[in-house]
Amino acid sequence: MSKFAHRIKSNKALFAFSLILFIYILLRFVAFIQHQTIKLPGQYFTYQNKQVRYLCKGNNAPFVFFETGFAADSQQSWDTITKALPNNFTSCYYDRLGHGGSDNVPVTFTTSEKSALQTELIKHIAGNEPVVLVAHSYGGIISRRTAAKNEINLAALILLDSAHEYQHEIMRGKFDPIPDSVKNLQYLNAAFGLSDIKNIFKHYDTPMQKRLDQYYGSFRYAHVLSSYRYEKGFYTPLETFDYDFGNLKMLVISHDKQAYANNPRFFSITDKWQSMQKSIAALSNNSEHIIATGATHNIPADAPDLVIKKIRETVELARNQNINSL
């Protein structure tokens, strides 16, 4: 037996450490072997030397364009809904930088820059054709900035439980921003591959489930959290933006308070959340505020039939408006 091996065997602490290190390296190797790379379908748009993946179905105007919530996956959010929509108009969703098939997001990439990307992508896809913009959660903040710039032919804005620019200040102490500690732990998680090791022992029914687990354990997701922390949450009163959407058709669809009856934390903030939703609806003289019965904040998953119904109705309105303007 070599002197090194004898030394390890005779030193119990060193032996235990060496055994743990060996098992860790073995598990990291297994996780690497089992890592799944999925080529997502769709097309790519170049924005500031970054590749942005998008996917469209259907033909002709108007164009329905989907904006995803914070840290959510566009395919998971919108695939079921877009597949249920007819092909006599065009439906598109995309991966924001740092998500899905798109390139990584710079940690200094702001909400305004995300709106600029969204605007350029919509113009690339729809040109000057009428657009119905459907946005969930944080996507609503991005989409309001796009609407305010008036650079696209926006026929209607559908907001699904939209985040509010001042939400973390209004609900301070009950619904605070993601802290730096969460971001830092995510970087450690990605560096040491802890989620990757845990996922070795999980069974997946679909490739998407495995892809998302891999993503939420990655440096890409850590960068997304960093971009959020760079702006330190949303602390700007809505009035400061001086938005006035005039007679823009707006649907503000909010979650049902009773869906959180068994969750005291979220149940307690719902009244303030609904007040914020009403303040968003007040940005247009042509708005409607709807409660999605039985739905939590995840309205695309909890109330897809309602979302589909309202999109189809809004598309018909947009189509008729476009015909009447000719």
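In this predicted model, E120, K123 and E151 are linked in a network of salt bridges. That trio is a friendly way into the structure, which holds 15 salt bridges in total.

**Salt bridges, one pair at a time**

Let us start with a pair that joins distant stretches of the chain. The side chains of R53 and D95 meet at 2.6 Å, N to O. R53 belongs to strand β2, while D95 sits in the loop between β4 and α4 (111–126), so this salt bridge ties together parts that are 42 residues apart in sequence. Are these two partners buried or exposed? With a cut-off of under 20% for buried, R53 qualifies because its relative accessible area is 3%, and D95 counts as buried because its value is 2%.

Helix α13 (residues 304–325) offers another kind of pairing. E313 and K310 lie in this helix 3 residues apart, so about one helical turn separates them. Their side chains form a salt bridge at 3.4 Å, N to O. E313 is partly exposed, at 35% relative accessible area, whereas K310 is buried, at 12%. Further along α13, R319 and E316 are also 3 residues apart, about one turn of the helix, and their side chains meet in a salt bridge of 2.7 Å, N to O. Here R319 is buried, with a relative accessible area of 19%, and E316 is partly exposed, with 37%.

The three pairs are set out here:

| Salt bridge | N to O distance |
|---|---|
| R53 and D95 | 2.6 Å |
| E313 and K310 | 3.4 Å |
| R319 and E316 | 2.7 Å |

**The sheet and the helices on it**

Now for the strands. In what order do the 8 strands of the open sheet lie? They follow β1-β2-β4-β3-β5-β6-β7-β8, with mixed pairing. At the edges are β1 (43–47) and β8 (286–292), each of which pairs on one side only. On average, and with direction ignored, neighbouring strands of this sheet are turned by 20 degrees against each other.

Within the sheet, β5 (residues 131–136) and β6 (residues 154–160) run parallel and are joined by 6 bridges. One residue to look for is V131, whose bridge partner in β6 is L154.

Two helices can be placed against these strands. Helix α11 (residues 264–281) packs on the sheet, where it touches β6, β7 (249–255) and β8; its direction makes about 175 degrees with that of β7. Helix α3 (residues 74–84) lies across β2 (50–57), β3 (63–67), β4 (90–94), β5 and β6, and it runs at about 170 degrees to β4. Strand β2 is also home to R53 of the salt bridge with D95.

**A closer look at helix α7**

Helix α7 covers residues 180–192. At 1.5 Å a residue, its 13 residues should span 18 Å, and its end C-alpha atoms are 19 Å apart, which agrees.

Which residues of α7 are buried? They are K183, Q186, N189 and A190. Viewed down the axis of α7, the buried residues fall within an arc of 120 degrees, so they line one face of the helix. Among the elements that cover them are α8 (194–199) and α10 (219–230). After α7 comes G193, which has a positive phi, near 65 degrees.

Note on methods: Residues numbered from 1 in each chain as written. Predicted model: local features only at pLDDT ≥ 70, side-chain atom pairs only at ≥ 80, totals over all residues. Heavy atoms only, no water. Helix = DSSP H or I, 4+ residues; strand = E, 2+ residues; numbered from the N terminus. Expected span 1.5 Å × (residues − 1). Buried < 20%, exposed > 50% of the residue type's maximum accessible area, 1.4 Å probe, protein only. Arc of directions from axis to C-beta. Contact = heavy atoms within 4.5 Å. Pairing = 2+ DSSP bridges. Axes fitted to C-alpha atoms, helices over the stretch in contact; angles between N-to-C directions. Salt bridge = Lys/Arg side-chain N within 4 Å of Asp/Glu carboxyl O.
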